[in-house]
Amino acid sequence: MRSHILGTGSYVPKQVLTNADLEQLVDTSDSWIVERTGIRERRKVAPGEACSDLGIRAAQQALAAANIQSADVDLIIVATCTGDSPLPSTASLIQYRLGASRAAAFDISAACCGFVYALSAADAFIRSGQYRHVLVIASEVMSSVTDWTDRNTCVLFGDGAGAVVVGRTEEEDRGLLSVHLHADGRLSDLICVPGGGSSFPASESMLAERLQYVKMRGNETFKIAVKTMEEAVREALAPHNLTMDDIDYLVPHQANIRILKAVGQRLGLSMEKVVLNLDRFGNTSAASIPLALDEAVRAGQIRPGSLIVLAAFGAGLTWASGVVRW
Ligand code: UT7
């Protein structure tokens, strides 16, 4: 028995923030942002719209696509670094609002790799026989940790959510074939939000130092991202004796088009096989893979039988990959 993705969903808030809008906030330009990142616009929540609000909409779509009732969900995992509040979990809030009263609920914190980490957890629960239907949601309100005065970071991130329903399959050659997860905590300061937790709890001085916002050493991160994403894809294929030619689509974390082009080049993988949406949504952290996956499924690009590789990289540092025969 294997786990399999039974349905996908996604949601992005309505408000579009273009590069021209950001030119009004910081010393930047549309041409710099497009050339250096590939991003043209991103979404931003309305006041009062939180992580759970985006996540629940993505989840409802995924449940409808899978033809599963919320009452039949055994577990809800939310991957996020921008949950509604530190306590309780965003998964609990969504569990109540979905009416998934039988489901256990918890959040996973693995930054941009959160979705692949959560998928791996869902896979383990299903293969062990403990649960039948696991709802995996990745939802991020990156605008809530964005410093709108810092041009190094504010042009990169966006808000959005994606979700999948994971269930069982008895079919030999379908489903989630494998997942690989990695972390290297020595590099935890490359991307971080220093304040708001127990090391720098909310205080006037914490706010004055702007520690509640994401900090990133972009250039160093870039180089490691290219290397680890390449390794992650190779590691994903190796146990199955699959080659690059076998891949129908790579669905990567969407951080920077130059990272993805470099990874494609090193792997010898045509960019036509790389699912991209960062031009419209920017870097939505954990949400970026399920958001891209849902778009590709709804567009009919990913079809039953397609071989999909997921690859992510992010704060922690973490990196991760997975192989799915759709
Ligand atoms: O999702 C988690 C993983 N995150 C990533 O993988 C992100 C990885 N990093 C990146 O995508 C890129 O490093 C960035 C897009 C963040 C930056 O691109 P870069 O080519 O590495 O630029 P840089 O940081 O080396 O900066 C080059 C120049 C600097 O100016 P000086 O010092 O050469 O005068 C920056 O101040 O570009 C400047 N710069 C900007 N200029 C206009 C930085 N941000 C901007 C901006 N607009 N928004």
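This report describes how the two domains of a predicted model meet, which residues surround its ligand, and a few unusual points in its backbone.

**The two domains**

The protein chain is divided into domain 1, residues 2-170, and domain 2, residues 176-325. Their C-alpha centres lie 14 Å apart. Across the boundary, 50 residues of domain 1 are in contact with 44 residues of domain 2.

The size of an interface is often given as the accessible area lost when the parts come together. Here domain 1 and domain 2 bury about 3800 Å² between them. Carbon and sulfur atoms account for 64% of that buried area. On the domain 1 side, Cys112, Val116 and Tyr117 together supply 16% of the area that this domain buries against domain 2. No other three residues of domain 1 supply more.

**The ligand and its shell**

The ligand is surrounded by 23 residues. Thr28, Arg36, Asn219, Asn256 and Asn283 are the closest of them. Both domains take part in this shell, since at least three residues are drawn from domain 1 and at least three from domain 2.

Sorted by class, the shell holds 10 nonpolar, nine polar and four charged residues. Three side chains have a polar atom at a short listed distance from the ligand, as the table shows.

| Residue | Ligand atom | Distance to a side-chain N or O atom |
|---|---|---|
| Thr28 | nitrogen | 2.6 Å |
| Arg36 | oxygen | 2.7 Å |
| Arg258 | oxygen | 2.9 Å |

Taken alone, the ligand exposes 940 Å², and the protein buries 74% of that area. Four helices each give two or more residues to the shell: H2 (30-37), H6 (151-154), H8 (218-237) and H9 (257-267). Of the elements in the structure, H8 gives the most, with four residues.

**Unusual points in the backbone**

Two cis peptide bonds can be found by following the chain. One runs from Leu87 to Pro88, with omega near 0 degrees. Pro88 is found in the loop between strand E4 (75-79) and helix H4 (90-98). Another cis peptide bond joins Gly316 and Leu317, where omega is about -15 degrees. Leu317 belongs to the loop between strand E12 (307-314) and strand E13 (318-325).

A further point concerns phi, another backbone angle. Asn67 has a positive phi of about 60 degrees, although this residue is not a glycine. Asn67 is placed in the loop that links helix H3 (51-66) to strand E4.

**Summary**

The chain has two domains, and these bury about 3800 Å² between them. The ligand has a shell of 23 residues, to which both domains contribute. Leu87-Pro88 and Gly316-Leu317 are joined by cis peptide bonds, and Asn67 has a positive phi.

Note on methods:
Residues are numbered from 1 along each chain as its sequence is written. This is a predicted model: local features need pLDDT of at least 70, side-chain atom pairs count only at pLDDT 80 or more; totals for chains, interfaces and linings use all residues. Side-chain values use heavy atoms; hydrogens and water are left out. A residue is near a molecule or strand if one of its heavy atoms lies within 4 Å of it. A polar contact is a pair of N or O atoms within 3.5 Å; within protein, one must be able to donate a hydrogen and the other to accept it, and residues adjacent in sequence count only if both atoms are side-chain atoms. Accessible areas come from the Shrake-Rupley method with a 1.4 Å probe; for residues, only the protein chains shown count as cover. Ala, Val, Leu, Ile, Met, Phe, Trp, Tyr, Cys and Pro count as nonpolar, Asp, Glu, Lys and Arg as charged, and the others, Gly among them, as polar. Domain bounds come from an automatic or database domain assignment. Contact means heavy atoms within 4.5 Å. Buried area is the accessible area (1.4 Å probe) that two parts lose on being put together, summed over both.
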